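This report concerns selected packing and pairing features of the structure shown below.

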Amino acid sequence: MRVGVALLVVLAAAVLLRPAPTGSFGWSGLRWPTPEATQYVGLAPPFDESYEGAMQDWTDGTGFEFSIVKEYRDPCESGFGNSTENGVEFSDKACGMEWPSGTLAMTFRHPSIGIAVLTGTGVVFNDNLDWGFYNGPPDPELIDFRRVAFHELGHVIGLEHEGSADAVMHPSSTLFEVLQVDDYAGVVTIYPDIDNPPPPPSPDAKPPPPPLDPRVACAKQHLLAAGKLCNKAIKCQAKDWIRGPDPPALLKCVEKAEVRFVDVYSAAVERAVDRGDSCKLDDDPGDVLSNLDSMMAVVVDRVTDSGNRGDESEAKLVGRLLKDSARYCGKISRIESKDAVRGNESVRVKRRQKARAGFEKKFSKKVDKGADAGVVYNGRPVNEVGDAVDTFADVFAAQAVD
Amino acid sequence: MKQAAAPSAPRARFRGFLRGLLVASLGLAFLPAGQSRAAAVLSFSLAEIAQQAELIVEAEVVGVTSRLVPGGAMPMTCGRFRVHDVVKGGVAGGELELCFAGGVAGGRALAVPGMRYPYVGARGIYFVESTERLLANPILGWAQGEFPLREVADPIGAETALRVYTADGAPVAAVERGGPSPGQLSNGRARGVVVREGGAPSDAIDVVEFKRQVRALLPDASAGSTR
């Protein structure tokens with residue numbers, strides 16, 4: 001008990017002798033013995049990453065050190081007995097009691113009896129509600145997990161609600177997605193023992209982008225990988241036409257592009273599996289590669305159709321047209337990867353139309369310039385080449401995205 | 001029972017801090033009245049609260065005990081409320097027990113940010129979500145469903161009257177239905193509660209008029225009963 005009283009006196013003295021606070025933050029008098037806490041996170045993806053990101057933001061923004069252990073601990077038992085483990089979970093009960101109407105989450109703080117020191121905390125999110133991720137105004141049908149998590153973690157640190165200043169700890173924290181000056185002032189004042197606290201947050205700090213659903217993240221990575229594959233592999237063919245046939249060099253160049261594709265593709269699948277999820281396209285990357293190879297072959301065939309490699313000028317023209325086709329393929333695959341994330345159809349169509357128009361213009365200009373110089377292009381018309389490239393991206397996007 | 005007017009915010013915070021240290025040194029580091037604003041709770045309009053509440057009463061806390069949640073190991077604090085008037089619903093025997101997550105029991109201490117714990121002598125209008133279910137907070141909308149009462153002297157005569165305040169101490173001037181605010185979090189006051197920020201204690205609405213205005217928000221405007 002003497003130790004408890006001594007600690008209480010030290011804490012009280014530290015707070016009362018601290019520099020005048022620059023904010024109007026709320027504090028109940030509870031704090032951790034030192035500016036650090038270990039948080040056990042056993043949430044399902046992508047909530048785990050979002051929660052960990054919110055912890056990291058408090059640590060980076062204030063100097064209060066959150067340590068993360070990726071394991072489940074019962075938040076209703078955190079801090080009791082000898083446990084100093086902080087747990088978090090979704091539950092249809094608030095630690096044995098029913099959720100009151102409209103309650104999104106609760107933080108349970110366990111002070112040591114006798115002194116104002118936290119021994120553990122538990123954060124419970126109401127599992128009867130629909131949770132998601134987004135920036136901007138609130139959606140009445142979907143609660144933004146990250147903002148609520150960010151707010152509850154402020155309670156874990158020891159902060160109370162603050163209604164008179166802009167703060168993550170404002171009870172109507174719907175609008176605050178990033179740390180505010182008042183939150184910072186609260187933490188560095190409660191914990192004068194933080195070594196070298198970071199500078200206060202910038203008033204114009206931007207919120208982090210919402211995390212991607214694992215399947216969306218997969219589709220994005222797969223489409224980017226496919227775009228790089230066609231860009232590189234068709235350029236290998238272009239080089240072969242421009243510099244002259246060199247089968248070993250062509251093979252080596254294409255193999256390099258394919259290995260890169262398999263690496264990126266497989267890494268995306270592995271990440272999804274690690275998260276306990278799966279990609280829509282989780283077949284053997286060799287099978288996927290075989291399909292893509294056949295679609296790329298159609299593009300190359302259409303440009304090189306009836307081409308005469310014996311005519312150096314014509315071969316170079318074909319090579320340059322293959323390069324344009326390769327770039328176009330990479331570009332529209334990137335557009336599809338962005339669409340997998342954003343899901344905005346009108347934007348996708350607009351970008352695709354612009355990319356197609358740009359491709360046809362460049363392609364036709366080269367053909368016309370060649371004709372002016374007496375170099376004949378014997379391949380298929382530009383619209384047929386464009387269609388073949390579009391097919392590559394469209395078919396793969398349909399396979400990779402829900 | 002006389003109470004002083006709401007202190008200014010900085011003084012209240014400092015007083016709260018000292019009281020917090022004192023209470024902490026005795027056993028628990030949360031305040032009897034707690035912070036007035038709710039946890040992560042959606043915003044309600046007063047009409048929604050009035051219609052969804054199972055019970056609306058004017059009551060006074062006459063006893064407080066702490067115990068563990070039945071079948072669990074979490075402490076909860078239970079207040080015994082003597083009911084003076086029923087605006088909606090019914091109360092058997094004129095008394096009511098409401099329990100709140102948190103407290104000290106079984107050698108365990110638990111504090112819940114935003115929870116307003118009952119304390120003996122507290123009197124208010126309470127919008128109770130349920131008397132049957134064991135909710136973490138039985139007051140609908142947390143602070144949004146609690147309106148402390150204070151006996152305030154009439155500035156002209158010698159009469160005193162019970163007047164109505166928000167949970168964070170602002171004098172309530174009137175009650176309206178409150179507009180929609182889908183998805184917004186609560187700032188501790190139900191939408192539709194009109195307050196006089198910085199007003200004198202006597203600016204607060206009389207409890208009789210407050211209850212009349214609340215009854216007008218109910219669909220059938222039916223009065224409750226004390227059995």
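Which residues in H6(A) meet which residues in H7(A)? The model is predicted, and in it Glu258(A), Phe261(A), Val262(A), Tyr265(A) and Ser266(A) of H6(A) meet Pro285(A), Val288(A) and Leu289(A) of H7(A). Sorted by class, this contact has six nonpolar residues, one polar residue and one charged residue.

The geometry of the helix pair can be described next. Helix H6 of chain A covers residues 247-274, helix H7 of chain A covers residues 285-304, and their axes lie 10 Å apart at an angle of about 130°. H6(A) is therefore oblique to H7(A). The crossing of H6(A) and H7(A) is right-handed.

A second feature is a sheet with strands from chain A and chain B. The sheet is open, has four strands in the order E4(A)-E6(A)-E5(A)-E1(B), and shows mixed pairing. Its edge strands are E4 of chain A and E1 of chain B, each of which pairs on one side only. E5(A) and E1(B) run antiparallel and are joined by two bridges. Within E1(B), Val41(B) is the bridge partner of Thr103(A).

The strands of this sheet have the following residue ranges.

| Strand | Residues |
|---|---|
| E4(A) | 87-91 |
| E5(A) | 103-111 |
| E6(A) | 118-126 |
| E1(B) | 40-41 |

A helix also lies across part of this sheet. Helix H3 of chain A, residues 145-157, lies across E5 and E6 of chain A together with E1 of chain B. H3(A) runs at about 20° to E5(A).

Conventions
Residues are numbered from 1 along each chain as its sequence is written. Chains are lettered from A and ligands numbered from 1 in the order in which they are written. This is a predicted model: local features need pLDDT of at least 70, side-chain atom pairs count only at pLDDT 80 or more; totals for chains, interfaces and linings use all residues. Axes are lines fitted to C-alpha atoms, for helices over the stretch in contact, and angles run from 0 to 180 degrees between N-to-C directions. Angles under 35 degrees count as roughly parallel, over 145 as roughly antiparallel, 65 to 115 as roughly perpendicular and the rest as oblique. A crossing is left-handed if the near helix is turned anticlockwise from the far one by less than a right angle, and right-handed if clockwise. Two residues are in contact if their C-beta atoms, placed from the backbone, lie within 7 Å. Ala, Val, Leu, Ile, Met, Phe, Trp, Tyr, Cys and Pro count as nonpolar, Asp, Glu, Lys and Arg as charged, and the others, Gly among them, as polar. Two strands pair if DSSP finds at least two bridges between them.
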